[in-house]
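Please look at the interior of the protein shown here, and consider how side chains pack there and where empty space is left over.

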Amino acid sequence: MTSKVTINRLPTGVPGLDEVLGGGLPEFSFNLIAGPPGCGKTTLAHQIMFALATPERSALYFTVLGEPPLKMLRYQQQFDFFDNASINHAVRFINLVDDTLKGDLDQVLRRIVAEVEAHSPALVFVDSFRSVALSGMPAGKRPNNLQHFVQQLGMLLTSWQATTFLIGEYFAENDPNPVFTVADGLIWLRQSVQRNSMVRKMEILKMRGQATQSGLHTFRITSAGIKVFGPAQALVAVQEEGTATGLGTRLLTGVPRLDKMLGGGIPRSYSVLVAGPSGSGKSILAAAFLAEGVRCGEAGVVVAFEQRPSQSRSPVLADLIKSGRVGLVESRAPDLSIDEIVVLIMSEVRRLNASRVVIDSLSGFELGLAPTFRDDFRESLLRLVTVLASEGVTVLMTSELEDRYTDLRFSPYGTAFLTDVIIVQRYIEVGSELRRMIAVVKVRASAHSSQLHEFTIKADGIHIGGMLVDQEGLLGGRPTRRRASDPVSSASDADHG
């Protein structure tokens, strides 16, 4: 019986890319990094090279660009991954511009072969390979000449057990190009501008011998280099048998009367939607939820898309963040993708081993996404909630609503069905005064109160009072009566704290 050949997979050094590739880069593979100008091809190649190259496993980087190699290096040195100490030791740059300009592909091939034989590299890069392919190619001979050149280069480098990368400016993956056929791996980079946002995406069109993550994956270029954001589902943790939590485990909200209305608190791993108009107390309730978690020994994470916690009405939340028990995820970037947001949140959740997450608010969440992702907002939210639930995290989200008094809505996005718990806050008119009301609309698979309660906001948080009597008057906008035996005061919530 014949045993399988084991293919060693190399870590690329690019955050998120190994997961998208299906475990890393196959050693001795023949790869093409393609895409339009400015999409990050050279940066990706350099980041992989500096991550893998060592004096024992050296790299050759052939440059056939129209600009001097020193100019390219001056810009690449700005990235954190660039290692000056590796130059001429683990990494060598070789200029092929003169050989390319002669228009003789055989001469280019001989030069590459000579350098590879002289240095015996484990990694070989040719940038830009398309410049080699198009140099001195008569229109009638291009396909045959190019195919012969690529096949010879591929066979030679593979026989020398070198992992090869060809970098080229290509604009269509359906181009009948022999490079695409011979290559073992094809990494395609794309970019598009929508309004004021630049969205970059990566697709693994081909990677022989392993299952890759299909589809387009957003990535970002920062001073640290490229970071790839794979599909949110890839972050889902595998739950061990017997670790799943049920309705028997509930989290307290920090507002005792609300816990009673919920039937004993929020079931762990549930998603909660707190909906209400501006100023109704959504963020204060969210802060109480996180503070109660810290009091119970559970870390939390707040995801802020609008006000910074230090600018909010809750100094408690700002203090929790300073203490290190509550992590902060915030971004002002106008081109976020849902996968990037999930990675940011999950990194902070796992760093703190957090069990509670607050997203404040869905309105800011939607506006933080790049325009191309806003059309799929409900799908994005579902993916986010699914990933957090799989990690055993209870997530509370706030949603801004316009209080029209005559209709009852829970979310302007049609996302109420995605959540397990819905808490609604509203204003009511009592005489000539606006007062606040709270109700639990939904707790999936659990009994809960259906009563409407008035509540107040004081220096120490939310205090829920007695049940409102005239629900019809509340929804119709008419003055609402309450029982004299149910005063709204902190005394009516005597079990608070």
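The report below goes through the nonpolar cores, the aromatic rings, the charges over rings and the cavities of this model, which is predicted.

## Nonpolar cores

The largest nonpolar core has 38 residues, and those with the most contacts inside it are Leu44, Val91, Phe125 and Met202. Helix α2, which covers residues 41–52, gives the most to this core, with six residues.

Phe125 shows what such packing looks like from the point of view of a single residue: if its neighbours within four places in sequence are left aside, Phe125 is in contact with Ala45, Met49, Ala59, Leu60, Tyr61, Phe62, Phe165 and Ile167. Apart from the largest core lies another one, of 30 residues, and among them are Leu285, Leu317, Leu396 and Phe455.

## Aromatic pairs

The count of aromatic pairs comes to six. In one of them, the rings of Tyr61 and Phe93 have their centres 5.3 Å apart and their planes at 45°, and the pair is therefore tilted, since planes under 30 degrees apart would count as stacked and planes over 60 as edge-to-face. Tyr61 lies in strand β4 (residues 59–63) and Phe93 in strand β5 (residues 91–95), so this pair ties together parts that are 32 residues apart in sequence. Tyr61 has a relative accessible area of 0%, and because buried means under 20%, this residue counts as buried.

The rings of Phe79 and Phe81 also have their centres 5.3 Å apart, but their planes are at 10°, so this pair is stacked. Both Phe79 and Phe81 are buried, and together with Phe50 and Phe82 they form one aromatic cluster.

## Charges over rings

In two places the charged end of an arginine can be found over a ring. Arg74 lies over the face of Tyr75, at 5.5 Å from the ring centre, while the charged end of Arg356 sits over the ring of Phe289, 4.6 Å from its centre.

## Cavities

Rolling a probe the size of a water molecule over the atoms shows where empty space is left. The structure holds three cavities of 30 Å³ or more, and about 50 Å³ of space lies in the second largest cavity.

This second largest cavity is lined by Val303, Ala304, Phe305, Val329, Glu330, Ser331, Leu336, Ile341, Leu344 and Ile345. The elements that give two or more residues to its lining are β15 (300–304), β16 (326–330) and α12 (338–352), and the largest share of that lining, three residues, comes from α12.

How values were computed
Residues are numbered from 1 along each chain as its sequence is written. This is a predicted model: local features need pLDDT of at least 70, side-chain atom pairs count only at pLDDT 80 or more; totals for chains, interfaces and linings use all residues. Side-chain values use heavy atoms; hydrogens and water are left out. A nonpolar core is a set of buried Ala, Val, Leu, Ile, Met, Phe, Trp, Tyr and Cys residues joined through side-chain atoms within 4.5 Å. Buried means under 20% relative accessible area, exposed over 50%, partly exposed in between (1.4 Å probe, protein chains only). Helices (H or I, at least four residues) and strands (E, at least two) are DSSP runs, numbered from the N terminus. Contact means heavy atoms within 4.5 Å. Rings of Phe, Tyr and Trp (its six-membered ring) pair if their centres lie within 6.5 Å; planes under 30 degrees apart count as stacked, over 60 as edge-to-face and the rest as tilted. A charge sits over a ring if NZ of Lys or CZ of Arg is within 6 Å of the ring centre and within 35 degrees of the ring normal. On a 1 Å grid over the protein atoms alone, a cavity is a set of points where a 1.4 Å probe fits but cannot get out, and a pocket is an open set with protein on both sides within 12 Å along at least five of seven lines; lining residues have an atom within 4 Å of a point. Grid points are joined across faces, edges and corners, and a volume is the space filled by probe spheres set on the points.
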